[in-house]
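Here is a short tour of one protein, with its fold, overall form and core taken in turn. Have a look at the structure below before reading on.

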Amino acid sequence: MLATGGVLSYQWQFDGTNINSATGASLTITNVSVANTGVYTVIVNNAAGSVTSTSVTLAIASVGIKLLGGVADVIVSGPLDSNYVIQATSNLLGSWTTLTNVSLPTQPYIYIDYSSPTNPRQFYRAVPQ
C-alpha cells in the first residue's frame with residue numbers, strides 16, 4: 001500500500017492497540033518472537049481524514065525433531081482461530097503435499113507428522129489462508 005496526499009501521519013497497531021512510538025511510514029520488528037504474533041494495521045491520516053490499512057497477520061512456524069522416535073513436528077504460533085495449511089515436500093523444487101488444514105485452536109499449535117520416520121528428507125511449511 002502506498003499512501004499519498006499531502007502531509008501524512010501514521011499510527012501502527014498490533015491486535016487493535018496502538019504501538020507506542022510506531023508512527024513512521026514503515027514498521028520494522030527486530031528479534032521476532034511468539035509475543036509478536038498477531039494482526040498488524042496502520043492508520044494513515046491527512047487533512048482529508050484517515051484510513052486504516054488491510055490487516056496483516058504475523059505468524060511463526062518452526063520445525064523440530066523429537067529425539068524419541070525421530071518424529072517431526074511443526075509448531076505454528078499465530079492468532080487463535082487463524083487458518084493455516086501445513087504442507088511438506090521432499091524436494092524444495094518439487095510440489096508441496098497438504099498434510100492438514102487447521103484453524104489454530106491453541107498457541108502454539110503442534111502438528112506431529114507420524115509419517116516422518118519413513119520420509120528421512122522432508123521440508124515443511126505453514127501457509128496462512
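## Fold

Which pattern does the protein follow when read along the sequence? The answer is β-β-β-β-β-β-β-β-β-β-β. This is a predicted model, and in the protein there are eleven strands and zero helices.

Contacts across the sequence are worth a look too. Taking contacts in the protein with a separation of 6 or more, 50% are between residues 24 or more positions apart.

## Overall form

Along its principal axes, the C-alpha atoms of the protein fill a box of roughly 60 × 30 × 25 Å. The radius of gyration is 19 Å, whereas a compact globule of 129 residues would come out near 14 Å.

As for the surface, the protein has about 8200 Å² of accessible area, and carbon and sulfur atoms account for 55% of that. Buried residues make up 29% of the 129 in the protein.

## Nonpolar cores

Now let us step inside. The largest nonpolar core has twelve residues. Its aromatic members are Tyr-84, Tyr-109, Tyr-111 and Tyr-124. They are joined there by Ala-72, Ala-88 and Ala-126, by Val-74, Val-76 and Val-102, and by Ile-86 and Leu-104. Four strands each supply at least two residues of this core: E7 (72-77), E8 (83-89), E10 (109-113) and E11 (123-128).

There is also a second, separate core, this one of five residues. Among them are Tyr-10, Trp-12, Ala-22 and Val-44.

Note on methods. Residues numbered from 1 in each chain as written. Predicted model: local features only at pLDDT ≥ 70, side-chain atom pairs only at ≥ 80, totals over all residues. Heavy atoms only, no water. Core = buried A, V, L, I, M, F, W, Y, C linked by side-chain atoms within 4.5 Å. Buried < 20%, exposed > 50% of the residue type's maximum accessible area, 1.4 Å probe, protein only. Rg over C-alpha atoms; globule rule 2.2 N^0.38 Å. Contact = heavy atoms within 4.5 Å. Areas by Shrake-Rupley, 256 points an atom, 1.4 Å probe, with all protein chains shown as cover.
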